[in-house]
Amino acid sequence: ASRWALNDKISFHRLILWAGIFPPDMDFKKGHEILGAKDVVEVYGSKDPFLTDERLNEMTQLNKRLGINPRLVPFDGGHEINSEILLQLQ
């Protein structure tokens with residue numbers, strides 16, 4: 001989704017990364033230009049086996065490289081879509 005958002009061919013106001021992080025090989029300058037003015041939300045389950053402490057640290061470092069401060073939305077759960085949280089993001 002993040003690569004798609006940087007292709008300059010779509011119009012959007014919010015990017016929600018659910019249970020994932022930005023790719024480390026993305027164009028960070030372009031990412032900052034595009035995402036700096038957007039509502040970026042990162043949603044993840046506190047028990048997601050794929051989002052380890054190391055991975056969460058990587059997420060923070062990638063956000064810093066992008067120069068963005070996304071809204072973090074953790075929930076009590078795993079690697080899944082939480083319908084309650086999803087409805088809150090509308």
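Modeller: Contact means heavy atoms within 4.5 Å. Take S2 as a first case: leaving out residues up to four places away in sequence, S2 touches L15, L17, F22 and P23.

Colleague: What kind of model is this, and how are residues numbered?

Modeller: The model is predicted: local features need pLDDT of at least 70, side-chain atom pairs count only at pLDDT 80 or more, and totals for chains, interfaces and linings use all residues. Numbering starts from 1 along each chain as its sequence is written, and side-chain values use heavy atoms, with hydrogens and water left out.

Colleague: Where does S2 lie? And is S2 buried or exposed?

Modeller: Elements are DSSP runs, numbered from the N terminus: helices are H or I of at least four residues, strands E of at least two. S2 lies in helix α1, residues 2–5. For burial, use relative accessible area: under 20% is buried, over 50% exposed, in between partly exposed (1.4 Å probe, protein chains only). S2 has 7%, so S2 is buried.

Colleague: How do I read K30 on that scale?

Modeller: K30 is in helix α2. Its relative accessibility is 26%, so K30 counts as partly exposed. Beyond four places in sequence, K30 touches L6, N7 and D8. From K30 to N69 is 39 residues in sequence and 16 Å in space, C-alpha to C-alpha.

Colleague: Which residues of the largest nonpolar core touch the most other members?

Modeller: The idea first: a nonpolar core is a set of buried Ala, Val, Leu, Ile, Met, Phe, Trp, Tyr and Cys residues joined through side-chain atoms within 4.5 Å. The largest one here has 18 residues, and F12, L15, F22, M26, L35, L66 and I68 touch the most other members. Two or more residues come from each of β1 (14–18), α2 (28–35), β2 (39–45) and α3. Another core, of eight residues, lies apart; A19, V73, F75 and L89 are among them.

Colleague: What does I68 touch?

Modeller: Not counting residues up to four places away, I68 touches F22, L35, G36, V40 and N63. Now turn to N63, in helix α3 (residues 53–66). N63 has 6% relative accessibility, so N63 counts as buried. Sequence neighbours within four places aside, N63 is in contact with F22, E42, I68 and P70.

Colleague: How are two packed helices described?

Modeller: By the angle between their axes and the distance between the axes. Axes are lines fitted to C-alpha atoms, for helices over the stretch in contact; angles run from 0 to 180 degrees between N-to-C directions. Here α2 and α3 pack at about 80 degrees, axes 8 Å apart. Under 35 degrees is roughly parallel, over 145 roughly antiparallel, 65 to 115 roughly perpendicular, the rest oblique. The α2 and α3 pair is therefore roughly perpendicular. The contact uses F28, G31, H32 and L35 of α2, with L62, R65 and L66 of α3.

Colleague: How many aromatic pairs does the whole structure have?

Modeller: Rings of Phe, Tyr and Trp (its six-membered ring) pair if their centres lie within 6.5 Å; planes under 30 degrees apart are stacked, over 60 edge-to-face, the rest tilted. The search finds one pair. The ring centres of W18 and F75 are 6.1 Å apart and their planes are at 45 degrees, so the pair is tilted. The pair links distant parts of the chain: W18 is in strand β1, F75 in strand β3 (residues 71–75), 57 residues apart. W18 counts as buried at 19%, and F75 is buried at 6%.

Colleague: Which backbone angle should I check at A19?

Modeller: Phi. The phi of A19 is near 60 degrees, a positive value in a residue other than glycine. A19 lies in the loop between β1 and α2. A19 is buried, with a relative accessible area of 16%.

Colleague: What else lies in the loop between β1 and α2?

Modeller: I21 does. I21 is buried at 13%. Setting aside neighbours within four places, I21 is in contact with L51, R55, E58, M59 and L62. The C-alpha atoms of I21 and T60 are 9.0 Å apart, with their positions 39 residues apart along the chain.

Colleague: And where is L51 found?

Modeller: L51 is in the loop between β2 and α3. L51 counts as buried at 10% relative accessibility. Its contacts, beyond four places in sequence, are A19, I21, Y44 and L56.
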